[in-house]
Amino acid sequence: ITLTIRLPQKLKDDLQRLREEQNKPVSDIVRESIRRYVAVEKFVLYGKKVLPFAEAQGLLTDEDVLKTIS
């Protein structure tokens, strides 16, 4: 897929700086950024779906989960 987006000048400048610092093409940086965003959103979505089942098992905090899997 080819995507065209408009960026505010400040974000464009920041992206250009990153490109120079990391010596990577802008498309690689943007692709990785989107990949990370999608992964986080999936994690949040799955968490919302699993939450009722976890609560039913008494898993209410991160510590509860860690105790269970340790």
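1. Let me start at the N-terminal end: threonine 2 is exposed, at a relative accessible area of 77% (buried means under 20%, exposed over 50%, and partly exposed in between, with a 1.4 Å probe and protein chains only). Threonine 2 belongs to the segment before helix 1. Its C-alpha atom and that of leucine 15 are separated by 18 Å, the two residues being 13 apart along the chain. Helices here are DSSP runs of H or I with at least four residues, strands are runs of E with at least two, and both are numbered from the N terminus.

2. A word on the ground rules. You are looking at a predicted model, in which local features need pLDDT of at least 70 and side-chain atom pairs count only at pLDDT 80 or more, while totals for chains, interfaces and linings use all residues. Residue numbers run from 1 along each chain as its sequence is written, and side-chain values use heavy atoms, with hydrogens and water left out.

3. On confidence, the chain averages a pLDDT of 90, and 100% of the residues score at least 70 (pLDDT is the predictor's confidence in each residue, from 0 to 100). Helix 1 has the highest mean, 96, and helix 3 (residues 62-69) the lowest, 81. As a general caution, predicted coordinates should not be read in detail where pLDDT is low.

4. What is the overall layout? The chain has three helices and zero strands, in the order α-α-α along the sequence. The radius of gyration is 19 Å, well over the 11 Å from the globule rule for 70 residues, so the chain is more spread out than a compact globule. For the record, this radius is taken over C-alpha atoms, and the rule is 2.2 Å times the number of residues to the power 0.38. The C-alpha trace spans about 50 × 25 × 20 Å along its principal axes.

5. Burial and surface come next. Of the 70 residues in the chain, 4% are buried. The accessible surface totals about 6,700 Å², and carbon and sulfur atoms account for 59% of that area. These areas come from the Shrake-Rupley method with a 1.4 Å probe; for residues, only the protein chains shown count as cover.

6. Helix 1 covers residues 9-22, and its 14 residues reach 20 Å from first C-alpha to last, close to the expected 20 Å at 1.5 Å a residue (the expected span is 1.5 Å times one less than the number of residues). Asparagine 23 follows helix 1 and sits in the loop between helix 1 and helix 2. The phi of asparagine 23 is positive, about 55 degrees, although this residue is not a glycine. Most residues other than glycine have a negative phi. Asparagine 23 is also exposed, at 69% relative accessible area.

7. You may like the nonpolar surface patch of about 660 Å², made by Leu3, Ile5, Leu7, Leu11, Ile34, Tyr37 and Val38. Patches use residues with over 30% relative accessible area and no salt bridge; like charges are joined within 9 Å, and nonpolar side chains (Val, Leu, Ile, Met, Phe, Trp, Tyr) within 5 Å. Which element gives the largest share of the patch? Helix 2 (residues 26-56) does, with three residues. Leucine 7 lies in the segment before helix 1 and is partly exposed at 35%.

8. How many salt bridges does the structure hold? There are six, each pairing a side-chain nitrogen of Lys or Arg with a carboxyl oxygen of Asp or Glu within 4 Å. In one of them, aspartate 14 meets lysine 10, with the closest N and O atoms 3.0 Å apart. Both residues lie in helix 1, four residues apart, about one turn of the helix. Lysine 10 is exposed at 57%, whereas aspartate 14 is partly exposed at 25%.

9. Two other pairs deserve a look. Glutamate 20 and arginine 19 form a salt bridge at 4.0 Å, N to O, and arginine 19 is partly exposed at 28%. In helix 2, arginine 31 bridges to aspartate 28 at 2.6 Å, N to O; being three residues apart there, the two are separated by about one helical turn. Arginine 31 is partly exposed at 43%, as is aspartate 28 at 34%. Shared partners also join Lys10, Asp14 and Arg17 into one salt-bridge network.
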